[in-house]
Amino acid sequence: MSSVDNERSDDAPPQPPVTDHQRELAAQAMSEFEMGQYVNCSKTMSQLADARPTDVKVILNRSVALFYQSQCKAVDEFRHNIQTVFTMARISPDLSEKSNLDDADYAVVYYNKAVILYHEKQHRAALSILEKLFKYIEPIDEALAQKVMLLLTELYLSVHQPFDAWRMILNIEKFLSGKSQSSQGDKDKNDSNNAGAQEALKAKLNLYKVRCNLMSKQMKNKKEYKALQGNSPPVVYVKAYYEYLKGNLKKAAKMLGNPPSSHLSPSTGECLAVLYHNNQALINMCLKKPNFGICQIRDALKFNEKIMRDAVPNDKARPPLQLSYVSQHYVLLYNLGVLQLHSQRPSLAFDCFVECVQVYHRNPRLWLRLAECCIMFHRENNDVDREHRHKLEVIQASVGSGFHHKLILGQGVQKDRKVSASGGVFPTLNLGFASFCLKNAFALLPVDSLDVKSPPPDEQAESGPPPTDPVLVSAEPGNPLRETEAANLRCSILAASAYVALCENEYCKALAHAVNLLRQPNLTAAQRYLGHMYKGEALVTLDRIADAIDELNPEKVTDISTSLPEANNDQEKELDGLAENRTSLVKWSPDSVTVAKGLMQYNLAVAYAMRTDYDKSLRALTESSEKVGSPIPVQMFYLKLYLDLKQGNKKAAINVINEHFGYISRS
């Protein structure tokens, strides 16, 4: 609500003078509105609107009163009334043209529209309006200016722009300090109330600061964290999240306390039960209890469905604006997909991620997770080659008897490989769609710094200093990725792309991905090992045997750890400190350098065999089988039989068959 006066802007229609009676009605309506008597306020404003039918401020205030009278349910009517005010005042609805913001009351119209968009989860649209409105913040009323800046801070956090939110917090603090200096000497009986409001606002700003630090993963700024006071749910959950990022998982779970009630907050539209079970599920995932986490996420989904039924008891009734978009369905579904993936259920995880794509399609990590579902469905892990069922397929059958007794060898582990149709744009669990997902994930990352040519020193001086804010990559529903995290994600995408390309018989692409992977500066030892393996395999299939032999040198394998390399700057060291507090959530295979060398030596044996250097191939295969240990992967049996037969060593081949497949050879 705003006061009624006789001021107007140059483009607004002329208004008759305000009479004393009209001023009394306006004051009465304001008093009734502040006391929550919205029915009486609407009647008073209707009388005032009859006297001043073309006054846009009266129309706006009457619309606000009617909206509150409807318990914030008549959203369409309120939106229509705001549009009417824009038309009557001859101002642009989106501030795209010169608007009459010299009159502070017109700023209220834009603020009201932004509030509607905020509650309807149209954060970008609301942000666009308020960012333009902020340029005209000086002539706006102090109370409204403060509300605009607070809403801007909330919007920046909603769209995961913590550095912009931090700057807005600093603007609010400057605004408050200037306001306190100008009001010195004007003390009255309301000083205690004003002081309490100021303290509450400072506590809110401090909570905003902590949220900005956690979102940007700046954990060194502990001053704001220590200043958090009280046991309100926002403070408790922020503290728990702080401990979660530090790796103190059990402490974070303890801070969340007992399960809260499942009721829906009528003012904020939040349900603590949904937040609680979602947070506990993520903590259990990091504690390597994904199945327990799945149960908790499903509980969160049940509570989410319950609050939706509570907010909308029937199809005809419309909920209040603040309760219209309270569902956390897609956030929970995304987390459920991650948990299903960690529990080795790629098909169920895939269904969750596919549904989330329609909302979070700009998240590169989501596209990688979809590809990982396809890869896991194609091949669960490397230990499947050691399973007995594959060993039974080495010799499929025996025919004849005596001198005519023959054995029929299997077609190898690749006999069931099916190259998917080109494109792979339809969401199905195959490697073709995995390739499509990996392309999307790579395209959503920022340009690789290795591909950017730095300008000459003269041009650098002319262009000025680089921006101070770190590069952030959108990864909703999670926090944005910092530059280091985006680089780590790029390595994972390239490694998966090289593997998928090899499985799809696209060896030139696999080679390009492997080469690109190996040039990345922040590779883990495990990723570097995979890069050399994939590059060597691609070179073998492209008949570049000499290059492949150099690439597959097992002596190069000295480390296969999954820990990130040492950081170069303070920000990266801070992120590495967070990563060091957690062990790997997925068991890495091979689990030792010896086994890793043995697997690479097997590929080296294949390269020698392709070059018809059978003696070297046999020696490499023998050393490889000793390092890999038992049970031996089934590929080694195929290669051993192939080498013995190519060298005419029939006796050695028979010994292998009698030792490992005697139950078939004797039948």
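This report looks at one helix and two single residues in a predicted model.

**Helix α13**

Helix α13 covers residues 272-286, which makes 15 residues. From first C-alpha to last, α13 reaches 21 Å. That is close to the 21 Å expected at 1.5 Å a residue.

Where does α13 sit? It is largely enclosed by the rest of the structure, because 11 of its 15 residues are buried. Among these buried residues are Ala273, Val274, Tyr276, His277 and Asn278. Others include Gln280, Ala281, Ile283 and Asn284. Met285 and Cys286 are buried too. The cover over them includes four helices: α11 (233-246), α12 (249-255), α14 (290-311) and α15 (329-342). After α13 comes lysine 288. Its phi is positive, near 65°.

**Two residues in other helices**

Serine 624 belongs to helix α27, while valine 606 lies in helix α26. The table sets out their surroundings.

| Residue | Helix | Relative accessibility | Class |
|---|---|---|---|
| Serine 624 | α27 (residues 614-628) | 0% | buried |
| Valine 606 | α26 (residues 593-610) | 24% | partly exposed |

Buried means under 20% relative accessible area. Serine 624 is at 0%, so it counts as buried. Valine 606 is at 24%, so it counts as partly exposed.

What does serine 624 touch, leaving aside neighbours within four places in sequence? Its contacts are Gly598, Leu599, Gln601, Tyr602 and Met636.

Valine 606 can be placed against isoleucine 549. The two are 57 residues apart along the chain. Their C-alpha atoms are separated by 9.6 Å.

Note on methods:
Residues are numbered from 1 along each chain as its sequence is written. This is a predicted model: local features need pLDDT of at least 70, side-chain atom pairs count only at pLDDT 80 or more; totals for chains, interfaces and linings use all residues. Side-chain values use heavy atoms; hydrogens and water are left out. Helices (H or I, at least four residues) and strands (E, at least two) are DSSP runs, numbered from the N terminus. Buried means under 20% relative accessible area, exposed over 50%, partly exposed in between (1.4 Å probe, protein chains only). Contact means heavy atoms within 4.5 Å. The expected span of a helix is 1.5 Å times one less than its number of residues.
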